[in-house]
Amino acid sequence: MSDYLVRHAQVFLSSVGQLVRSPGSSLLTVLAIGITLALPTLLYLLVENVQNVTRTWQGRAQISVFLQLDTTNEAARALQDVLAARPEIESSRLITAQQALEEFKNQSGFGAAMDILSDNPLPASILLHLKTGHDQPELIENLVRELEANPEVDLAQWDMAWIKRLHIILRLVQRSVLILAALLVLAVIIIISNTIRLAIMNRRDEIEIMKLIGATDSFIRRPFLYGGVLQGLLGALCAGAIVSACVGLLQDPIGELVSLYHGDFSTTGLDPRSFFTLLLAGSALGWLAARAAVGRYLGQIEPA
Amino acid sequence: MIRFAQVTKRYESGHEALKSVSFVLDRQEMAFLIGRSGAGKSTLLKLITRVEKTTRGQLIVNDKNITRLSSRQIPFLRREIGVVFQDHKLLYDQTVFDNVALPLVVAGIGHREASRRVRAALDKVDLLNKERLYPIMLSGGEQQRVGIARAVVNRPVVLLADEPTGNLDPQLSDEIMDIFHQFNEFGVTVLIATHEHRHIDRLRKRVLELEQGRLIRGGEGMED
């Protein structure tokens with residue numbers, strides 16, 4: 001067993017050696033893989049961050065429930081109690097018809113005009129703040145419909161319909177990222193399998209000789225598989241560096257922009273888990289690509 | 001050790017390189033395989049290492065019927081057979097030591113044991129002082145000796161050579177043949193394809209002669 005490990009270690013080191021011996025082309029390949037892997041990673045981060053932003057916005061999601069004009073203050077208060085008891089409601093505030101009129105007079109500047117009216121034309125209303133977790137557009141719409149079924153309620157209004165649109169746009173972006181990622185992953189596989197193919201062709205004579213002196217196919221395959229994994233891994237490391245650099249460059253302007261609206265959002269970069277996933281994905285792609293190239297081209301080389 | 005029983009080899013082109021060849025080479029025997037170029041000498045050797053597959057007949061090497069060998073088993077057959085090539089087939093980006101060690105690395109033999117065996121093999125071909133050089137720095141005769149060291153390092157029971165002295169002057173050629181002769185005396189079965197009749201007269205070993213794919217001398221039921 002330890003012999004087996006030692007042999008694998010030797011092959012792995014010789015793969016490293018192969019890369020080091022041709023640093024120019026190895027570097028270019030690794031860079032190409034890095035850039036190709038960096039693109040979907042950056043897009044993934046973009047989607048993550050936008051989702052974070054909308055999450056903080058939806059924390060503020062509120063529904064205005066306007067009551068019928070003839071609702072008494074007592075009935076309104078009773079309804080507020082009923083609504084406040086619902087599980088999805090964080091807090092509620094009752095604005096009576098009188099309060100609404102006061103507010104309107106103060107804010108609109110039409111105070112004198114309102115005095116002419118004998119009756120208060122404004123309805124009482126209840127402001128509902130939703131708990132996080134109950135703020136997806138579908139749930140909110142259901143709630144709005146339920147509220148409007150109440151006989152005292154004239155109109156329930158959810159003033160953030162545009163969040164729904166944003167959600168749909170996000171879903172679209174997410175899917176586009178997925179498609180793009182699939183294409184780029186394919187590109188990485190093609191890049192790596194091509195370099196492995198070239199490596200196999202360059203070492204054609206050596207492979208023939210190895211076969212002549214009794215090397216098994218798996219023995220011959222091994223250094224190429226390690227080479228593929230190594231390229232994928234280094235490419236992923238390179239992608240990680242590119243992504244970190246990009247996030248670093250964008251952090252300040254984004255922070256400034258965000259602070260213009262509300263300051264409780266910070267950009268998320270590549271956390272350790274995502275970084276590890278990236279490395280794992282790179283290595284796996286390298287292995288897959290090498291496997292494909294080896295399966296296709298190694299069999300063609302037979303001593304004659 | 002090697003038994004050909006009515007072995008025929010027809011290439012895909014339709015060319016029949018060997019026609020119903022039968023002979024037995026006993027354990028520890030040494031024989032020369034002669035014939036004009038194109039007579040089928042190389043084909044015969046390639047059948048023994050399963051570089052080529054027999055079309056008809058049975059071929060037994062080291063008690064194994066290799067006409068029925070699966071491709072998985074071929075590497076293990078080749079580890080029992082040492083082969084020396086006319087063009088050496090060395091790896092020119094690796095040292096003499098690494099070239100000779102290759103069959104041992106391939107067979108998964110530990111580093112310490114491998115070094116010991118490589119030095120022993122290099123000692124036998126008198127190249128111990130050149131183990132750190134690259135093949136390109138050696139003369140043709142020396143390169144061929146590296147090839148021989150590589151062929152014997154795994155202690156094969158059979159040693160095959162295809163025109164091993166093809167590019168060498170008579171004196172070097174004799175030296176190479178003497179090395180093969182020594183291995184034979186250590187108990188290795190040796191079969192050498194050559195066109196140099198000088199060695200046959202000098203070493204007085206059995207001769208197998210091919211003519212247009214037929215064995216016309218040294219075969220089963222034939223007089224020498």
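## A look around chains A and B

Among the contacts in chain B with a separation of 6 or more, 69% join residues that sit 24 or more positions apart. Keep in mind that this is a predicted model.

### Chain B as a whole

Chain B is built from 7 helices and 10 strands. Its radius of gyration is 17 Å, which agrees with the value near 17 Å that a compact globule of 224 residues would have. Along the principal axes, the C-alpha atoms of chain B fill a box of roughly 45 × 40 × 35 Å. Burial takes in 56% of the 224 residues of chain B.

As for the outside, chain B has an accessible surface of about 10,500 Å², and carbon and sulfur atoms contribute 44% of that. The charges come to 34 positive and 29 negative side chains in chain B. The centres of those two sets lie 7 Å apart.

### Helix 3 and what comes after

Helix 3 of chain B covers residues 96-106, and it's mostly tucked away, with 9 of its 11 residues buried. The buried set includes Val96(B), Phe97(B) and Asn99(B) towards the start of the list, then goes on with Val100(B), Ala101(B), Leu102(B), Pro103(B), Leu104(B) and Val106(B). As a general reminder, an α-helix has 3.6 residues a turn, so residues three or four places apart point the same way. After helix 3 of chain B comes Gly108(B), with a positive phi near 75°.

Leading into helix 3 from the other side is a loop that starts after strand 6 (81-84) of chain B, and Lys89(B) is in that loop. Lys89(B) has a positive phi too, near 50°, and Lys89(B) is not a glycine.

### The loop after helix 1

Now for the loop between helix 1 (41-48) and strand 4 (56-61) of chain B, which is where Arg50(B) is placed. Arg50(B) is another residue other than glycine with a positive phi, in this case near 60°. Is Arg50(B) buried or exposed? Arg50(B) counts as buried, because its relative accessibility is 10% and the cut-off for buried is under 20%.

Thr49(B) is found in the loop between helix 1 and strand 4 as well. Thr49(B) is buried, with a relative accessible area of 7%. Setting aside residues up to four places away in sequence, Thr49(B) touches Ile74(B), Leu77(B), Arg78(B), Ile81(B), Val83(B) and Leu160(B).

Helix 2 of chain B (residues 74-79) holds Pro75(B). Pro75(B) is buried at 8% relative accessibility. Pro75(B) and Arg50(B) are 25 residues apart in sequence, and their C-alpha atoms are 9.4 Å apart in space. Which residues does Pro75(B) contact, leaving aside neighbours within four places in sequence? They are Gly214(A), Ala215(A) and Thr216(A), so named with their chain A letters.### Over to chain A

In chain A, Val153(A) is found in strand 4 (residues 153-158). Val153(A) counts as buried, at 4% relative accessibility. Apart from neighbours within four places in sequence, Val153(A) is in contact with Val65(A), Phe66(A), Leu67(A), Gln68(A), Leu79(A), Leu147(A) and Glu148(A). Val153(A) and Ala281(A) are 128 residues apart along the chain, and 54 Å separates their C-alpha atoms.

Ser283(A) lies in helix 10 of chain A, which runs over residues 272-297. Ser283(A) is buried, with a relative accessible area of 14%. Not counting residues up to four places away in sequence, Ser283(A) touches Val229(A), Gly232(A) and Leu233(A).

### Cysteines

How many disulfides does the structure hold over all chains? The count is 0. For Cys238(A), the closest cysteine sulfur is in Cys246(A), 11 Å away, which is too far for a bond. Cys246(A) is in no disulfide either, with the sulfur of Cys238(A) as its nearest cysteine sulfur at 11 Å. Cys238(A) counts as buried at 17% relative accessibility, while Cys246(A) is partly exposed with a relative accessible area of 25%.

### Accessibility side by side

Here are the residues discussed above, with their relative accessible areas.

| Residue | Relative accessible area | Status |
|---|---|---|
| Val153(A) | 4% | buried |
| Thr49(B) | 7% | buried |
| Pro75(B) | 8% | buried |
| Arg50(B) | 10% | buried |
| Ser283(A) | 14% | buried |
| Cys238(A) | 17% | buried |
| Cys246(A) | 25% | partly exposed |

Notes. Residues numbered from 1 in each chain as written. Chains lettered and ligands numbered in written order. Predicted model: local features only at pLDDT ≥ 70, side-chain atom pairs only at ≥ 80, totals over all residues. Heavy atoms only, no water. Helix = DSSP H or I, 4+ residues; strand = E, 2+ residues; numbered from the N terminus. Rg over C-alpha atoms; globule rule 2.2 N^0.38 Å. Buried < 20%, exposed > 50% of the residue type's maximum accessible area, 1.4 Å probe, protein only. Contact = heavy atoms within 4.5 Å. Areas by Shrake-Rupley, 256 points an atom, 1.4 Å probe, with all protein chains shown as cover. Lys, Arg positive; Asp, Glu negative; His and termini not counted. Charge placed at Lys NZ, Arg CZ, Asp CG, Glu CD. Disulfide = S-S within 2.5 Å.
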